[in-house]
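Here are my comments on the model, set out as numbered points. Please read them alongside the structure.

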Amino acid sequence: MEFLTPYFLVALAVAAVAGLMRGFAGVGSGMLMAPVFAILFGPVQTVAIVILMEIVVTAQLLPGVHREINWKLVLPMGFTAAIFMPFGSWLLVSIDPDLVARFIALVVFISSLILLAGWRYRGGKKLWATIGVGAFSGVLMASTSLGNPPVMVYLLSSRDAAATNRANFTGYFAITLIMLTALMAFAGLIGYNALVTAAMLLPVFVVAAWVGGRLFLRSGEATYRRVVLGLLCCVGLYLLIR
């Protein structure tokens, strides 16, 4: 790919916005990058670029939040996602990812509207539900790079504090991104172009994530939920009408 072209400048701008969201919310950057990158780089290369960038920023964010992560929740969800990723990788090269994305969009859009209306689940998170969300997320992460929405809906439906949700998002992606990177490398789905493109976009993404983290420290619970759920709603609507 040629750099410093209008298309690459668009990619840089998207990476900057996505980095802000990742640093602020602990999640959401893949959902912002994937639709645009799929047009610029193609669906298979997009998954590789996104996960390479995400794993670096996850390492950047993890030291500051690791004490707040609920590992009893995150570990079973993350490892279940990893187990189901090979099925997602098969889907990536076997079916139209647009069909999968539209199904995700419908679920995400409806769920985000319910959560924006103020509904919260008051019970505890059952192990079977945690495992189910992890399995669904793992398939979607490997097939479309949009594995975030099921986890976001699941965690944000609780009454946990913003700092806890942000930390749990970061811990979950620390597990799944390592597994997904290894899986895609083994399958030969991370090519030279993806590595170079990710490296060129990474500085902007990392700096923006740092700025987003500073913004989170100055925000409140209500602002955090509005931003994250607003993102979910917009992504779901975009994927439905595109």
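1. Helix α9 (residues 192–217) is the largest contributor to the nonpolar surface patch, giving 4 residues. Helices here are DSSP runs (H or I, at least four residues), numbered from the N terminus. The patch consists of Leu20, Val207, Trp210, Val211 and Leu215, which together have about 450 Å² of accessible area. Patches take residues with over 30% relative accessible area and no salt bridge; nonpolar side chains (Val, Leu, Ile, Met, Phe, Trp, Tyr) are joined within 5 Å, like charges within 9 Å. Areas come from the Shrake-Rupley method with a 1.4 Å probe, and for residues only the protein chains shown count as cover.

2. This is a predicted model, in which local features need pLDDT of at least 70 and side-chain atom pairs count only at pLDDT 80 or more, while totals for chains, interfaces and linings use all residues. Residues are numbered from 1 along each chain as its sequence is written, and side-chain values use heavy atoms, with hydrogens and water left out.

3. Leucine 215, one of the patch residues, lies in helix α9. Its relative accessible area is 45%, so leucine 215 is partly exposed (buried means under 20%, exposed over 50%, partly exposed in between; 1.4 Å probe, protein chains only).

4. At what angle do helices α2 and α3 pack? Helix α2 (residues 29–41) and helix α3 (residues 43–65) make an angle of about 140°, and their axes are 8 Å apart. Axes are lines fitted to C-alpha atoms, for helices over the stretch in contact, and angles run from 0 to 180 degrees between N-to-C directions. The crossing is right-handed (the near helix is turned clockwise from the far one by less than a right angle; anticlockwise would be left-handed). On the α2 side the contacts include Met33, Phe37 and Phe41, and on the α3 side they include Ile49, Met53 and Glu54. Contact means heavy atoms within 4.5 Å.

5. The structure has 1 salt bridge, defined as a side-chain nitrogen of Lys or Arg within 4 Å of a carboxyl oxygen of Asp or Glu. The partners are glutamate 54 and arginine 22, whose closest N and O atoms are 2.7 Å apart. Glutamate 54 is in helix α3 and arginine 22 in helix α1 (residues 6–25), so the pair ties together parts that are 32 residues apart in sequence. Glutamate 54 is buried at 6% relative accessibility, and arginine 22 is buried at 1%.

6. Valine 36 sits in helix α2 and valine 14 in helix α1. Their C-alpha atoms are 7.8 Å apart, with their positions 22 residues apart along the chain. Valine 36 is partly exposed at 26%, whereas valine 14 is buried at 16%. Leaving out residues up to four places away in sequence, valine 36 touches Val10 and Val14; on that basis valine 14 touches Leu32, Met33, Val36 and Phe37.

7. Threonine 181 belongs to helix α8 (residues 162–186). Threonine 181 is buried, with a relative accessible area of 16%. Apart from neighbours within four places in sequence, threonine 181 contacts Ile51, Leu52, Ile55 and Ile190.

8. Tyrosine 121 is in the loop between α5 (97–116) and α6 (127–144). Tyrosine 121 is partly exposed, at 35% relative accessibility. Not counting residues up to four places away, tyrosine 121 touches Ser157, Ser158 and Arg159. The C-alpha atoms of tyrosine 121 and arginine 159 are 7.2 Å apart, although the two residues are 38 residues apart along the chain.

Definitions and conventions: Helices (H or I, at least four residues) and strands (E, at least two) are DSSP runs, numbered from the N terminus.
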